[in-house]
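Reader: I should like a close look at one part of this structure, namely the place where its two domains meet, together with the charged side-chain pairs found in the chain. Please set the account out in connected form.

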Amino acid sequence: MDIDLCGPSMPRIFGVENEQVHLSGSGWSPVYVEENLCVMSIGFLLKGPKEAVIWRGPKKNGLIKQFLKDVDWGELDYLLIDTPPGTSDEHMSIVQYLQDTNLEGAVIITTPQETALLDVRKEINFCEKVKLRVLGVVENMSVFVCPKCKVSTEIFPPTTGGAQRMAEEMNVPFLGKIPLNSQIGKFCDEGQIDRNFPSRECFETITESILQRMKK
């Protein structure tokens with residue numbers, strides 16, 4: 001479920017941006033990427049990819065509530081919710097609406113540099129205040145590995161130790177690192193989320209760590 005309402009990217013990433021949401025007797029039907037994977041995003045409801053969403057909090061809250069209440073999700077193993085950066089209306093709304101459910105927790109994504117970590121510390125503090133468990137932190141764009149010479153270069157130098165040290169300082173799990181790989185961006189732009197996805201082993205390791213955390 002994509003609740004980055006002002007910057008919905010899930011339809012493009014999953015290669016379904018030209019699909020439409022249909023209304024049935026049981027509610028809105030999400031768009032299916034595969035038989036066991038469906039997506040719901042405001043991107044399916046806009047006139048085109050260039051249309052801006054200029055909404056205040058109450059209207060955002062209303063749509064998020066509709067996504068939860070009026071979408072025919074069927075039987076789900078997991079409901080993954082993509083949120084915008086920061087601690088805005090979207091975050092407060094989703095925590096409020098799901099507070100009486102078995103909400104497992106939040107996975108926080110950051111890059112290594114201190115300017116990004118400043119915001120992430122606030123997000124972790126937000127989770128603490130609303131009593132939302134932090135399943136862990138992932139460091140994205142950790143290093144660039146040259147595809148030819150295999151030399152690793154820190155494009156975003158971790159001047160204060162990066163996400164791993166920050167996670168240790170804030171007593172939250174560190175789930176792993178994802179390298180800066182130009183092919184990841186290319187695959188996302190082309191909507192090719194498949195078994196040949198770049199750095200797949202990193203994503204699988206992090207996913208397994210998240211699943212293990214959810215069992216605790």
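Author: The model examined here is predicted. The domain assignment divides the chain into domain 1, residues 1-103, and domain 2, residues 106-215. Taken over C-alpha atoms, the centres of domain 1 and domain 2 are separated by 23 Å.

The meeting of the two domains can be described first by its extent. On the side of domain 1, 12 residues are in contact with 12 residues of domain 2. About 930 Å² of area is buried between domain 1 and domain 2, and carbon and sulfur atoms give 72% of that area. Within domain 1, the residues that lose the most area to domain 2 are Ile13, Thr87 and Val95, which together account for 43% of what that side buries.

As to polar pairing, two residue pairs are in polar contact between domain 1 and domain 2, both at pLDDT 80 or more, whereas zero salt bridges are found across this interface. On the side of domain 1 that touches domain 2, the elements giving two or more residues are helix H1 (10-13) and H3. Of the elements on that side, H3 gives the most, with three residues. By class, the side of domain 1 that touches domain 2 has seven nonpolar, four polar and one charged residues.

The charged pairs may now be considered. Side chains of opposite charge can pair when their charged atoms come close. The whole structure holds six salt bridges, including one between glutamate 90 and lysine 60, with an N to O distance of 3.3 Å. This pair links distant parts of the chain, for glutamate 90 lies in helix H3 (residues 89-97) and lysine 60 in helix H2 (residues 57-69), 30 residues apart. Both glutamate 90 and lysine 60 are buried.

Another of the salt bridges joins lysine 186 to glutamate 190, at 3.2 Å from N to O. Lysine 186 is partly exposed because its relative accessible area of 38% lies between the 20% and 50% limits. Glutamate 190, at 41% relative accessibility, is likewise partly exposed.

A further salt bridge is formed by glutamate 204 and arginine 200, whose N to O distance is 2.6 Å. Both residues lie in helix H7 (residues 200-214), four residues apart, about one turn of the helix. Glutamate 204 has a relative accessible area of 41% and is therefore partly exposed; arginine 200, at 30%, counts as partly exposed.

Terms used:
Residues are numbered from 1 along each chain as its sequence is written. This is a predicted model: local features need pLDDT of at least 70, side-chain atom pairs count only at pLDDT 80 or more; totals for chains, interfaces and linings use all residues. Side-chain values use heavy atoms; hydrogens and water are left out. A salt bridge is a side-chain nitrogen of Lys or Arg within 4 Å of a carboxyl oxygen of Asp or Glu. Buried means under 20% relative accessible area, exposed over 50%, partly exposed in between (1.4 Å probe, protein chains only). Domain bounds come from an automatic or database domain assignment. Contact means heavy atoms within 4.5 Å. Buried area is the accessible area (1.4 Å probe) that two parts lose on being put together, summed over both. A polar contact is a pair of N or O atoms within 3.5 Å; within protein, one must be able to donate a hydrogen and the other to accept it, and residues adjacent in sequence count only if both atoms are side-chain atoms. Ala, Val, Leu, Ile, Met, Phe, Trp, Tyr, Cys and Pro count as nonpolar, Asp, Glu, Lys and Arg as charged, and the others, Gly among them, as polar.
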